[in-house]
Amino acid sequence: MIRCAQHQFSAAERDTVYANIALRRDIRHFAPGGQVDDAQLQRMLNAAHQAPSVGLMQPWRLMRIRQPALRRQIQALVEAERQRTATALDARAAEFLRLKVEGLGECAELLLVSLAPEDGTVFGRRSMPREMALCSAACAVQNLWLAARAENLGLGWVSMFEPEALAALLQLPQGAMPLGLLCLGPVARFYERPMLEQLGWREARPLAEMLMDEPSLELS
């Protein structure tokens, strides 16, 4: 076996990385009155900014939302979309409305992640420009999520909002697109399993169902 001698992880460090991935949860319940200190927040933001991106385009933009009045306006947009989602779910509407779908009112910190206006990057995204920008931004959120879990903090990604309405409220530049409201802060306890699975809303599917066989090619 060939090994790279540079920056090797020990077996214990490797296992910690895998444990962090396995224990990451999309959090909706936060401890009241919790705080995130500035050093913690900076470490997590640095982790997000170290994410890979196609063509090194770094399309993510992060906004820290600190005004209580602004947070309340954002909550109103999320609630409006929650009601529209319930209507779209028809028979499961009442069941859905009983779920807690966001922690905007209780989380210690609220961050917006948005997609920057198009910058013309072609490298690696000529055939899928929008898709590769979205994938790159999602990598930044995943880094932030894992960093939060390493800090023993919870993070929840809220996507229930009309993008244009939220962009207008937060005065995003023309061409920018909000992707998520990230609720961050201390929690009383982490979910043992994904919350939607614990509550019986949906069952997670096993890895085996996600693996595909390659096609058989006839040799000429």
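This report walks through a predicted model of one protein chain, from its overall build to a few chosen spots.

## The whole chain

Let's begin with the big picture. The protein chain has 220 residues, and 37% of them are buried. Its secondary structure adds up to 7 helices and 4 strands. If you follow the sequence from start to end, these elements appear in the order α-α-β-α-α-β-α-β-α-β-α. The table gathers some overall values for you.

| Property of the protein chain | Value |
|---|---|
| Box filled by the C-alpha atoms, along the principal axes | roughly 60 × 40 × 40 Å |
| Accessible surface | about 14200 Å² |
| Share of that surface belonging to carbon and sulfur atoms | 55% |

How far apart in sequence are the residues that touch? Taking contacts between residues at least 6 apart in sequence, 81% join residues at least 24 apart.

## Two helices that meet

Now look for helix α2, which covers residues 38–49, and helix α5, which covers residues 129–150. Two packed helices are described by the angle between their axes and the distance between the axes. For α2 and α5, the axes come within 7 Å and cross at roughly 145°. Which residues make the contact? On the α2 side they are M44, L45, A47 and A48, while α5 contributes A140, N143, L144, A147 and A148. The crossing of α2 past α5 is right-handed.

## A glycine inside

Next, find G103 in the loop between α4 (93–97) and β2 (109–115). Is G103 buried or exposed? Its relative accessibility is 1%, so G103 counts as buried, the cut-off for buried being under 20%. Leaving aside residues up to four places away in sequence, G103 touches R28, F30 and C183. F30 is a nice one to trace by eye: F30 and G103 are 73 residues apart in sequence, yet their C-alpha atoms are 6.7 Å apart in space.

## A patch on the surface

Finally, turn to helix α1, which spans residues 11–23 and includes V17. Which residues form a nonpolar patch on the surface with V17? They are Y18 and I21, and the three together have about 310 Å² of accessible area. V17 has a relative accessible area of 43%, so V17 is classed as partly exposed. That class lies between buried, under 20%, and exposed, over 50%.

Definitions and conventions: Residues are numbered from 1 along each chain as its sequence is written. This is a predicted model: local features need pLDDT of at least 70, side-chain atom pairs count only at pLDDT 80 or more; totals for chains, interfaces and linings use all residues. Side-chain values use heavy atoms; hydrogens and water are left out. Patches are made of residues with over 30% relative accessible area and no salt bridge: like charges are joined within 9 Å, nonpolar side chains (Val, Leu, Ile, Met, Phe, Trp, Tyr) within 5 Å. Accessible areas come from the Shrake-Rupley method with a 1.4 Å probe; for residues, only the protein chains shown count as cover. A salt bridge is a side-chain nitrogen of Lys or Arg within 4 Å of a carboxyl oxygen of Asp or Glu. Helices (H or I, at least four residues) and strands (E, at least two) are DSSP runs, numbered from the N terminus. Buried means under 20% relative accessible area, exposed over 50%, partly exposed in between (1.4 Å probe, protein chains only). Axes are lines fitted to C-alpha atoms, for helices over the stretch in contact, and angles run from 0 to 180 degrees between N-to-C directions. A crossing is left-handed if the near helix is turned anticlockwise from the far one by less than a right angle, and right-handed if clockwise. Contact means heavy atoms within 4.5 Å.
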